[in-house]
Structures are given as C-alpha cells and as structure tokens.
Amino acid sequence: MALRKIIVEGHPTLRKKSRPVEKFDDRLATLIDDMKETLVDANGVGLAAPQVAILRRICIVDNGEELLELVNPEIIEQSGEQDGLEGCLSVPDKYGRVKRPNYVKIKAQDRHGVWHEYEGTELVARCFCHEIEHLDGHLYTEKAYHMLTDEEYEALFTDDEEDA
Ligand code: NI
C-alpha cells in the first residue's frame with residue numbers, strides 16, 4: 001500500500017465527472033487500499049478518488065465502525081434535514097455550513113463487484129452525500145450557505161482546545 005497525494009481546490013480534476021468502474025481487478029484493489037491508507041493518514045472521514053486525481057467512481061467513508069469501500073455508489077433513499085459544519089481534505093483549513101438530509105441510504109459495489117446497501121444518519125449521511133458529489137465534480141463549497149470567516153474558524157479551534 002502507498003499514500004496518494006491529495007489534490008486541492010483549484011486543481012481542474014476536482015471539477016470533472018468520474019467514470020464508472022467496470023473492471024474489478026487487482027489495480028482497483030490497490031487503489032482502494034491506497035485510498036484507505038491515505039484517508040487514515042489525513043485524519044479524514046471520507047475520501048473520493050478524484051481527490052487523489054483518479055476520475056473513477058470510488059469513495060471511502062468511515063462510518064465509525066469500518067472504512068466502507070464504495071464503488072459506483074448511488075443514493076437510493078434520503079429523508080429529514082440536518083444543518084452543520086462541513087470540511088473537505090481538498091479544501092484545507094476551511095469549513096462551511098451546509099444543509100443535508102439527516103438519513104441517507106446508498107447502494108454501492110465492493111472491490112469484487114458485489115452490490116451492498118448502507119444506511120447512515122448525521123455525520124455518515126453527510127459524508128455519503130459529500131463524497132458522491134465529488135464523483136460528479138462538485139465541492140461542498142458550492143452548497144455551503146455560509147463559509148466560516150477566519151475569526152469563526154479560529155474560535156472553533158480555541159473552543160476545541162478548551163474542551164480537550
Ligand atoms: Ni471532500
């Protein structure tokens with residue numbers, strides 16, 4: 001396994017639409033393992049293949065229990081609403097407020113091509129939406145109704161330190 005470089009906002013690849021995965025081969029398995037390692041190394045909760053400059057429909061989501069490998073993922077059900085802070089490994093040092101469904105059900109293939117369904121609420125539901133949007137060339141900053149100012153961002157981390 002190897003760490004992949006995470007590209008950041010401004011890189012044109014992040015704005016392109018990813019193609020479906022059709023070959024479930026060793027190359028795919030290596031990419032998925034590398035993405036998992038890269039996500040853990042970056043302390044993130046989700047990572048999509050375009051963020052490592054690969055335009056294929058693959059993302060990894062940490063649901064709190066395991067790192068889900070999502071190949072050709074699609075949202076099949078959603079309900080409710082949540083309003084909260086969102087960030088992205090490709091938009092470093094920024095956070096924005098984004099409204100999302102509070103419950104999301106998806107279907108996705110694994111590295112062998114087998115379909116599974118996964119459900120998530122709150123952060124996991126948010127992450128499913130965020131990562132799948134990456135596959136269509138979208139960043140959360142387009143959906144954020146408020147991006148935190150430098151002062152608000154600083155305050156966020158000052159509060160965190162006091163809580164720790
Ligand atoms: Ni992201």
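Here are some short exercises on the chain above, each with a worked solution.

This is a predicted model, where local features need pLDDT of at least 70, side-chain atom pairs count only at pLDDT 80 or more, and totals for chains, interfaces and linings use all residues. Residues are numbered from 1 along each chain as its sequence is written, and side-chain values use heavy atoms, with hydrogens and water left out.

**Exercise 1. The overall fold**

Work out how many helices and strands the chain has, and in which order they run.

*Solution.* Start with the count: there are three helices and eight strands. Helices (H or I, at least four residues) and strands (E, at least two) are DSSP runs, numbered from the N terminus. Then walk along from the N terminus, and the elements read α-β-β-β-β-β-β-β-α-β-α.

**Exercise 2. Size and surface**

Check the radius of gyration of the chain against that of a compact globule.

*Solution.* First, the rule: take 2.2 Å times the number of residues to the power 0.38, with the radius itself taken over C-alpha atoms. For 164 residues that gives a value near 15 Å, and the chain has 16 Å, so the two agree. Next, the C-alpha trace spans about 45 × 35 × 30 Å along its principal axes. Now for the surface: the accessible area is about 9000 Å², with 47% belonging to carbon and sulfur atoms. Areas like this come from the Shrake-Rupley method with a 1.4 Å probe; for residues, only the protein chains shown count as cover. Finally, 45% of the 164 residues count as buried, meaning under 20% relative accessible area (exposed is over 50%, partly exposed in between; 1.4 Å probe, protein chains only).

**Exercise 3. Glu86 and its partners**

Find where Glu86 sits, and which side chains its own side chain makes polar contacts with.

*Solution.* Go to strand E4 (residues 82–88), which holds Glu86. With a relative accessible area of 3%, Glu86 is buried. Its side chain makes a polar contact with that of Arg126 at 2.5 Å, and another with that of His130 at 2.8 Å. A polar contact is a pair of N or O atoms within 3.5 Å; within protein, one must be able to donate a hydrogen and the other to accept it, and residues adjacent in sequence count only if both atoms are side-chain atoms. Now widen the search to any contact (heavy atoms within 4.5 Å). Leaving aside neighbours within four places in sequence, the contacts of Glu86 include Lys94, Tyr95, Arg100 and Tyr140.

**Exercise 4. Two more residues**

Are Asp34 and Val71 buried or exposed, and what do they touch?

*Solution.* Take Asp34 first: this residue of helix H1 (residues 26–41) is buried at 4% relative accessible area. Beyond its neighbours within four places in sequence, Asp34 is in contact with Met1, Ala2 and Arg4. Now Val71, in strand E3 (residues 67–79): its relative accessible area is 0%, so Val71 is buried too. Setting aside neighbours within four places in sequence, its contacts include Phe24, Ile32, Ile58 and Ala108.

**Exercise 5. Backbone oddities**

Where are Ala53 and Glu122, and what are their phi values?

*Solution.* Ala53 lies in the loop between strand E1 (46–48) and strand E2 (58–62), and its phi is near 65°. At 38% relative accessibility, Ala53 is partly exposed. Glu122 belongs to helix H2 (residues 122–134) and has a positive phi of about 50°. Why flag these? Most residues other than glycine have a negative phi.
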